[in-house]
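Open the model in your viewer and keep the sequence panel visible. The stops below go from one helix to its surroundings and then to the charged pairs.

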Amino acid sequence: MKRKHFYSHLVETTHITLEIAELDVTSGERVHLLSLVEANIHTTVVSKVLDELDPLDKKKFLSNLSLEDHDKTLSHLKENVSDIEEKLKKEIEKVTKELLEDIKEARA
């Protein structure tokens, strides 16, 4: 099965999905909110990666990313950034926690 992103195995959003399901919104709005969550996570991950790479490696990363070559992208990152998966996991956890807090606040 093909992964959606090179970092998909690091993302757990079930708790956010459940919170969004509790919101008093239409199903279309739920889908839109879930796509915003995904976009926010993606932007956070790409930003963190770019912060960690030197200029030449950034170009290679962006090339692999644009080709959606997830295995090559992750392999390149592992070769050029120490503990990249752990760093990304922390960033993802931070952003998902913030999103979850925002959703809970909207429900209040």
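Keep in mind throughout that this is a predicted model.

**Stop 1: helix H2**

Select residues 27-52, which form helix H2. Put a distance between the C-alpha atoms at its two ends: they are 38 Å apart. This agrees with the expected span, because 26 residues at 1.5 Å a residue should also give 38 Å.

**Stop 2: the buried side of the list**

Which residues of H2 are buried? Select Val37, Ile41, Thr44, Val45, Val46, Lys48 and Val49. Now show what covers them: the cover includes helix H1 (14-21), helix H3 (55-66), helix H4 (70-80) and helix H5 (84-107).

**Stop 3: the nonpolar core**

Two of those H2 residues, Val45 and Val49, come up again here. Together with Phe6, Val45 and Val49 have the most contacts inside the largest nonpolar core, a set of 23 residues. Helices H1, H2, H4 and H5 each supply at least two residues of this core. The largest share, 7 residues, comes from H5. As a general point, nonpolar side chains in soluble globular proteins tend to be buried together.

Center on Val45 and display its neighbors. Leaving aside residues up to four places away in sequence, Val45 touches Phe6, Tyr7, Leu88 and Ile92.

**Stop 4: Lys48 and Glu52**

Go back to H2 and select Lys48, one of its buried residues. Which side chain does Lys48 meet in a salt bridge? The partner is Glu52, with an N to O distance of 3.1 Å. The two are 4 residues apart in helix H2, so about one helical turn separates them. Glu52 counts as partly exposed because its relative accessibility is 27%.

**Stop 5: other salt bridges**

How many salt bridges are there in the model? The count is 5.

Select Lys78 and Glu85 for another of them: the closest N and O atoms are 3.6 Å apart. Glu85 has a relative accessible area of 25%, so this residue is partly exposed. Lys78, at 47%, is partly exposed as well.

Then move to helix H5 and pick Glu91 and Lys94, which lie 3 residues apart, about one turn of the helix. Their salt bridge has its closest N and O atoms 3.9 Å apart. Lys94 is partly exposed, with a relative accessible area of 45%. To finish, select Lys48, Glu52 and Lys87 together: salt bridges that share partners join these residues into one network.

Technical notes. Residues numbered from 1 in each chain as written. Predicted model: local features only at pLDDT ≥ 70, side-chain atom pairs only at ≥ 80, totals over all residues. Heavy atoms only, no water. Expected span 1.5 Å × (residues − 1). Buried < 20%, exposed > 50% of the residue type's maximum accessible area, 1.4 Å probe, protein only. Contact = heavy atoms within 4.5 Å. Salt bridge = Lys/Arg side-chain N within 4 Å of Asp/Glu carboxyl O. Core = buried A, V, L, I, M, F, W, Y, C linked by side-chain atoms within 4.5 Å.
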